[in-house]
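Thank you all for coming. Please have the structure open in front of you, and I will go through it slowly, one part at a time.

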Amino acid sequence: LRAKITVIASLCFVPADIISTVEFNPSGELLATGDKGGRVVVFQREQETKSQPQRRGEYNVYSTFQSHEPEFDYLKSLEIEEKINKIRWLPQQNAAYFLLSTNDKTVKLWKISERDRRPEGYNLKDEDGRIRDPSTITSLRVPVLQPTDLMVEATARRVYSNAHTYHINSISVNSDLQTYISTDDLRVNLWNLEITDQSFNIVDIKPSNMEDLTEVITAAEFHPQQCNTFAYSSSRGSIRLCDMRKQALCDTHCKFFEEPEDPSTRSFFSEIISSISDIKFSHSGRFLMTRDYLTVKVWDLNMENKPLETYQVHDYLRGKLCSLYENDCIFDKFECVWNGSDSVIMTGSYNNFFRMFDRNTKRDVTLEASRENSKPRAILKPRKVCMGGKRRKDEVTVDSLDFSKKILHSTWHPQDNIIAVAASNNLYIFQDKVA
Amino acid sequence: MFPKGTKRKFSDSGDEPPAGSDDVNQPSSAAVRMLSSYSLQRQSLLDMSLIKLQLCHMLVEPNLCRSVLIANTVRQIQEEMTQDGTWQIMTQALSAANAAAQCSADRLVATEVLCRQTEAAQGEPAPKPFPAVGSEGCSAEEVVVVEEEDEGVEGGVIMSTVSPQAPTAYLPSTFGIDPCWEEETGEEEDEDEDSEECASGSEEGDNDRLVEDSRTAEQVFGTFEIKNPAPSPDPALEELFSDVDASYYDLDTVLTGMQSAPKMGPYDLLESLSSHGPSPLSSSTSCRSDLNELDHIMEIIVGS
């Protein structure tokens with residue numbers, strides 16, 4: 001983990017709305033953000049040029065489109081938020097790019113394609129698009145494709161709706177590139193990308209009597225290589241690994257990961273802070289990372305009774321759980337990400353801090369995403385939170401942390417050391433300093 | 001940074017009572033102090049959780065994960081309180097308080113009728129232990145109804161006259177009523193120790209604020225999905241009306257009123273009580289006034 005993190009293209013975009021998801025595509029060329037207003041903004045990495053080598057790595061806006069609109073469920077008299085909960089890219093298979101975006105109820109497949117030519121010379125309409133009077137046409141011509149300025153257009157290719165009673169929290173594309181899963185609080189549905197009018201329900205934890213409900217699904221993800229395997233996490237801090245080959249309804253798991261509770265730290269908040277907010281398979285497929293309120297854990301898929309590694313994100317909050325329960329911060333759902341080589345993991349915290357942990361050296365660093373510290377080319381300074389007592393010059397005390405500034409969403413470039421973090425309505429892109 | 005919330009702060013959930021503080025000469029007073037401090041903190045946490053569940057309920061579409069976590073927390077506290085006997089004391093105190101606070105002449109007759117029907121239908125013997133997502137107990141709206149009886153018959157009676165049966169039964173969809181309403185407002189009185197007496201103790205907050213939470217939670221969970229309607233709605237309807245005397249005109253008015261009322265979601269009910277009319281989406285001001293009243297009631301009833 002190199003200590004020097006530089007800022008590239010920070011604040012390159014300030015959308016009107018709070019960013020609710022960020023995701024690099026599998027090649028790292030594109031970065032998508034979704035926001036609370038249902039918009040998706042896609043950034044593209046600038047190509048390296050000899051004349052301006054330092055500009056490599058800057059991301060510029062490539063396409064902007066309205067993915068979801070607010071809807072009204074007439075049956076329940078409830079408004080459906082247009083906020084984008086998750087975006088997942090499909091690997092590129094042709095010139096166009098495809099991504100899945102979802103709000104609480106509906107998943108959509110968007111195609112983003114470039115157009116640099118357009119047909120000209122129509123017979124029935126003139127160049128402005130006005131319809132010509134057929135009686136004035138005396139000859140026919142064949143329209144010709146003429147080069148134009150590059151246009152990037154996004155079109156909704158599929159809309160997968162009406163399959164979720166509860167709020168969708170995750171989507172995950174299968175390695176077979178033909179199917180994907182969408183997950184809500186109680187169910188996981190399997191879709192074929194081509195088919196929008198049916199999906200298979202493969203996990204259903206809804207009890208027959210809703211009064212007996214004590215646990216919900218919080219996230220789910222497909223294994224990166226095994227197309228039959230997926231995992232889902234729960235609000236009770238457990239992870240279940242399922243094999244779709246065993247049976248059609250994967251209510252019984254293959255593997256069950258849960259760490260026994262430490263009785264010495266038990267409190268009324270134990271369950272809430274054990275609720276898993278995000279799960280991510282490592283790129284290698286050997287490990288699974290989970291994020292709960294205070295820690296990040298790395299699990300070995302072959303060891304179910306305890307995690308391989310546990311990293312404390314902000315243990316100084318352990319003594320403040322009641323206040324955090326009072327102001328609802330204890331319900332914040334932080335995401336976690338792997339770097340390309342699975343050697344470093346990253347997750348967000350409060351005060352616009354985010355943390356990185358090097359799994360090999362066991363070193364960790366706390367950084368801050370803020371306007372003041374993020375002038376382009378600036379080097380980020382490590383931050384430190386002090387528990388109390390003497391505060392050194394640059395340290396921040398626990399009591400002065402700003403709990404309204406939280407980094408819930410972040411993403412790591414699949415190969416390079418470039419990260420994107422969302423701090424409310426600001427997007428920050430940082431990269432490793434090139435020597 | 002932290003909003004002013006409950007009146008007491010749970011200073012540190014991990015606090016251990018100071019080890020050496022028990023004086024051999026005065027073991028009881030120090031222990032009592034420690035215990036009461038812990039109880040106060042626990043009570044405060046319980047109050048806070050109940051308010052949160054109330055707020056969940058008021059949202060247009062609550063967050064299921066959050067509701068489940070809060071409900072589980074409430075259940076944990078309740079279990080612990082049951083174990084050390086605090087729970088029983090509280091329930092009794094509340095019943096007494098409610099019996100005293102009771103008895104307004106405006107209280108709707110139809111309520112009584114349905115209470116009796118409920119007992120008959122349920123036939124459940126002892127009060128069940130408090131489930132976080134229980135079907136027993138008064139909804140919080142009940143308490144609001146007490147305060148806002150002048151809202152009119154419709155608002156008040158809506159709370160109590162909808163199906164007395166178990167949550168799975170409905171008024172038939174012929175009435176055009178959102179089945180979710182049934183779950184929300186159906187009363188089960190088993191929690192109430194004096195449930196025979198439909199008069200004072202039953203409807204209004206019998207099931208004290210603590211138990212009301214179970215209602216609330218159940219409403220929260222129960223209304224998330226429209227269940228399949230009962231296969232033969234007519235028997236349910238007949239049963240509902242079988243004991244109803246024509247003199248209970250309130251019931252008819254209510255049902256007619258419900259029929260003609262514009263469609264509302266379950267959480268709009270609370271809004272309609274406070275704002276004198278249905279509105280499709282919740283408004284924060286009504287929520288706040290309800291909350292203030294709930295707060296006030298809680299202070300009277302629950303804690304010193």
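Let me begin with a question about one helix: what span should the 20 residues of H2(B) have at 1.5 Å a residue, and how far apart are its end C-alpha atoms? The expected span is 28 Å and the end C-alpha atoms are 28 Å apart, so the two values agree. I should say at once that this is a predicted model, and the values I quote are computed from it.

Staying with that helix, H2(B) is mostly covered, since 16 of its 20 residues count as buried. Its N-terminal end is capped by B:Asn63, which places a side-chain oxygen 3.1 Å from the backbone nitrogen of B:Cys65. B:Cys65 itself is buried, because its relative accessible area of 4% is under the 20% cut-off. Just after H2(B) comes B:Gly85, with a positive phi of about 80°.

Let me now step back to the two chains. Chain B, from its N terminus to its end, runs through α elements, with 13 helices and zero strands, whereas chain A has two helices and 32 strands. Of the 304 residues of chain B, 55% count as buried, and for the 435 residues of chain A the figure is also given as 55%. If we take the contacts with a separation of 6 or more, residues 24 or more positions apart account for 79% of them in chain B and for 54% of them in chain A. As for the surface, chain A exposes about 19,600 Å², with carbon and sulfur atoms supplying 48% of it, while chain B has an accessible surface of about 13,000 Å², of which 56% belongs to carbon and sulfur atoms.

The next topic is the nonpolar cores. The largest nonpolar core holds 47 residues, and the members that touch the most others are A:Tyr293, A:Leu317, A:Leu324, A:Tyr325, A:Ile330 and A:Leu401. The elements that give two or more residues to this core come from both chains: helix H1 (270-274) and helix H2 (321-326) of chain A, together with helix H1 (27-58), helix H2 (64-83) and helix H3 (86-101) of chain B. The helix we started with, H2(B), supplies the largest share of this core, nine residues. There is also a second, separate core of 16 residues, and A:Val337, A:Val344, A:Met356 and A:Val365 are among them.

One residue of chain A deserves a longer look, and that is A:Tyr350, which sits in the loop between strand E25 (344-348) and E26. Is A:Tyr350 buried or exposed? A:Tyr350 counts as buried, because its relative accessibility is 1%. Leaving aside its neighbours within four places in sequence, A:Tyr350 is in contact with several residues, including A:Tyr293, A:Leu317, A:Cys329, A:Phe334 and A:Phe403. Its side chain makes a polar contact of 2.7 Å with the side chain of A:Asp332. A:His314 is another of its contacts, and although the two residues are 36 residues apart along the chain, their C-alpha atoms are separated by 8.8 Å.

A second polar pair in chain A involves A:Arg45, which lies in strand E4 (residues 39-45). A:Arg45 is buried, with a relative accessible area of 9%, and its side chain makes a polar contact of 3.0 Å with the side chain of A:Asp416.

A further buried residue in a strand is A:Thr179, found in strand E13 (residues 179-183) and with a relative accessibility of 13%. Beyond four places in sequence, the residues that A:Thr179 touches include A:Val173, A:Leu190 and A:Trp191.

Finally, a word on backbone angles. Most residues other than glycine have a negative phi. Against that background, A:Lys362 has a positive phi of about 65°, and this residue lies in the loop between strand E26 (353-358) and strand E27 (364-368). A:Ser424 likewise has a positive phi, near 45°, and its place is in the loop between strand E31 (418-423) and strand E32 (426-432). With a relative accessibility of 36%, A:Ser424 counts as partly exposed.

Definitions and conventions. Residues are numbered from 1 along each chain as its sequence is written. Chains are lettered from A and ligands numbered from 1 in the order in which they are written. This is a predicted model: local features need pLDDT of at least 70, side-chain atom pairs count only at pLDDT 80 or more; totals for chains, interfaces and linings use all residues. Side-chain values use heavy atoms; hydrogens and water are left out. Helices (H or I, at least four residues) and strands (E, at least two) are DSSP runs, numbered from the N terminus. Buried means under 20% relative accessible area, exposed over 50%, partly exposed in between (1.4 Å probe, protein chains only). A polar contact is a pair of N or O atoms within 3.5 Å; within protein, one must be able to donate a hydrogen and the other to accept it, and residues adjacent in sequence count only if both atoms are side-chain atoms. A nonpolar core is a set of buried Ala, Val, Leu, Ile, Met, Phe, Trp, Tyr and Cys residues joined through side-chain atoms within 4.5 Å. The expected span of a helix is 1.5 Å times one less than its number of residues. Contact means heavy atoms within 4.5 Å. Accessible areas come from the Shrake-Rupley method with a 1.4 Å probe; for residues, only the protein chains shown count as cover.
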